[in-house]
Each structure stands twice: as C-alpha cells, then as structure tokens.
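I opened this notebook to record what I looked up in one protein structure. The entries are short and follow the order of my reading.

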Amino acid sequence: MLRPSLAVAVLMERTPIQSRWESQKWETLGVVPDRDPPGAPPRLLIENAERAQWLHPGFKLELFADEAEGYYLNLSSRQPFVFVNWNDEDGSAVPIIVTVSYNEAARLMDAGARVDGVPLAAEWTPWLAEFVDKHYRPEPKKRSRPPSFKGARRDDR
C-alpha cells in the first residue's frame with residue numbers, strides 16, 4: 001500500500017559558541033523539497049568563521065493513518081512544524097527521522113532524543129490537512145458519572 005509522502009532534505013547549521021563544554025552548536029534550519037537523486041550524500045553549502053550549513057538529502061516525509069491524531073495536533077497549533085530527530089556523530093549533526101506528527105516527536109523527546117522543530121512549509125499544509133480530514137476521527141468522550149451518583153434515585157413527589 002502506497003502512503004502519501006514527500007521527498008525532503010534537511011538543512012543543518014553549525015555555529016561556534018563560547019562554552020566550557022562545547023565549541024559548536026548544531027540546529028535544524030529547515031526541511032525543504034529534495035531535488036537530489038536518490039542516494040546523494042550530504043553536501044556542504046556554506047562554511048566560514050560564523051557558520052557551516054549542510055544539506056542532508058534522501059528523507060521521506062511519510063504519512064501513516066495511525067499517526068493521524070499527531071498530525072491533527074500539529075496542524076491545530078499556532079505554528080505547525082516539521083520535526084527532525086538528529087544525532088551528533090563525531091562532531092557532525094546527522095538527521096535520522098523527519099516527521100510531522102506531534103505525538104511521534106513527543107515520544108522521541110521522551111526517550112531522550114534530540115528533536116528540533118522547524119516551521120512546516122505553507123505549501124505542505126493542504127497536503128497534510130487533506131490526510132487528517134480523511135484519517136483522523138476523535139475518540140468519542142465517554143460520560144462517566146461519579147460513584148456518588150450511581151444508583152441515586154429522584155423522589156417522585
């Protein structure tokens with residue numbers, strides 16, 4: 001079964017910092033449409049004293065029906081995001097997972113993973129909203145009565 005997906009690339013930036021423990025900081029700058037051929041390696045876009053930017057192609061932003069609630073929560077926020085899970089490997093940031101599910105990003109962060117959020121591209125919002133409209137059904141709320149009300153009867157006066 002084919003799932004809706006977009007080919008995307010992750011833009012990471014390294015900046016120097018003055019810290020006792022580290023000399024640099026990595027962060028996700030954006031997630032953009034991937035125009036590279038499959039299997040293309042990461043490439044350095046800019047490098048100078050202030051920063052270095054790397055483009056990591058080859059990611060798939062794939063939608064899954066069982067994550068529809070997470071997509072809904074993301075879309076219903078003030079600013080929807082694309083979440084990028086990345087690792088520091090020998091001083092370089094390496095993206096691992098790209099998702100638009102608020103729930104998946106939360107699970108990753110709960111597990112101690114590094115996750116950055118960058119604004120969702122405006123042109124991807126209708127694509128995600130269509131998927132949510134098709135697959136997300138809020139669970140009906142069950143009304144529960146407190147134990148003190150169970151078995152209570154009204155007087156028929």
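The entries below concern single residues, a surface patch and aromatic pairs.

**Entry 1: the model.** I noted at the outset that this is a predicted model.

**Entry 2: Pro95.** I looked up the place of Pro95 and found it in strand 6, which covers residues 92-99. I then asked whether Pro95 is buried or exposed. Its relative accessible area is 6%, and buried means under 20%, so Pro95 is buried. Leaving aside neighbours within four places in sequence, I listed the contacts of Pro95 as Val10, Met12, His56, Phe59, Val84, Asn85 and Trp86. I also compared Pro95 with Pro37: the two are 58 residues apart in sequence, and their C-alpha atoms are 18 Å apart in space.

**Entry 3: Thr28.** I turned next to Thr28, which is placed in strand 2 (residues 24-33). Thr28 has 7% relative accessibility and therefore counts as buried. Which residues does Thr28 touch, not counting those up to four places away in sequence? I recorded Val10, Leu11, Met12, Val84, Trp86, Asp116 and Val118. Val10, Met12, Val84 and Trp86 appear in this list and also among the contacts of Pro95.

**Entry 4: a surface patch.** I looked up a nonpolar surface patch and found that Tyr72, Leu73 and Tyr102 make one of about 280 Å². Tyr72 belongs to helix 1, residues 68-75. With 35% relative accessibility, Tyr72 counts as partly exposed, because that class lies between the limits of 20% and 50%.

**Entry 5: aromatic pairs.** I asked how many aromatic pairs there are, and the count is three. In one of them, the ring centres of Tyr71 and Phe131 are 5.7 Å apart and the ring planes stand at 70 degrees, so I entered this pair as edge-to-face. The pair links distant parts of the chain, since Tyr71 is in helix 1 and Phe131 is in helix 3 (residues 125-135), 60 residues apart. Tyr71 is buried, with a relative accessible area of 1%, and Phe131 counts as buried at 7% relative accessibility.

I then looked up the pair of Phe81 and Phe83, which is tilted, with 6.1 Å from centre to centre and 40 degrees between the planes. Are its members buried or partly exposed? Phe81 counts as partly exposed at 28% relative accessibility, whereas Phe83 counts as buried at 10%.

Methods: Residues are numbered from 1 along each chain as its sequence is written. This is a predicted model: local features need pLDDT of at least 70, side-chain atom pairs count only at pLDDT 80 or more; totals for chains, interfaces and linings use all residues. Side-chain values use heavy atoms; hydrogens and water are left out. Helices (H or I, at least four residues) and strands (E, at least two) are DSSP runs, numbered from the N terminus. Buried means under 20% relative accessible area, exposed over 50%, partly exposed in between (1.4 Å probe, protein chains only). Contact means heavy atoms within 4.5 Å. Patches are made of residues with over 30% relative accessible area and no salt bridge: like charges are joined within 9 Å, nonpolar side chains (Val, Leu, Ile, Met, Phe, Trp, Tyr) within 5 Å. Accessible areas come from the Shrake-Rupley method with a 1.4 Å probe; for residues, only the protein chains shown count as cover. A salt bridge is a side-chain nitrogen of Lys or Arg within 4 Å of a carboxyl oxygen of Asp or Glu. Rings of Phe, Tyr and Trp (its six-membered ring) pair if their centres lie within 6.5 Å; planes under 30 degrees apart count as stacked, over 60 as edge-to-face and the rest as tilted.
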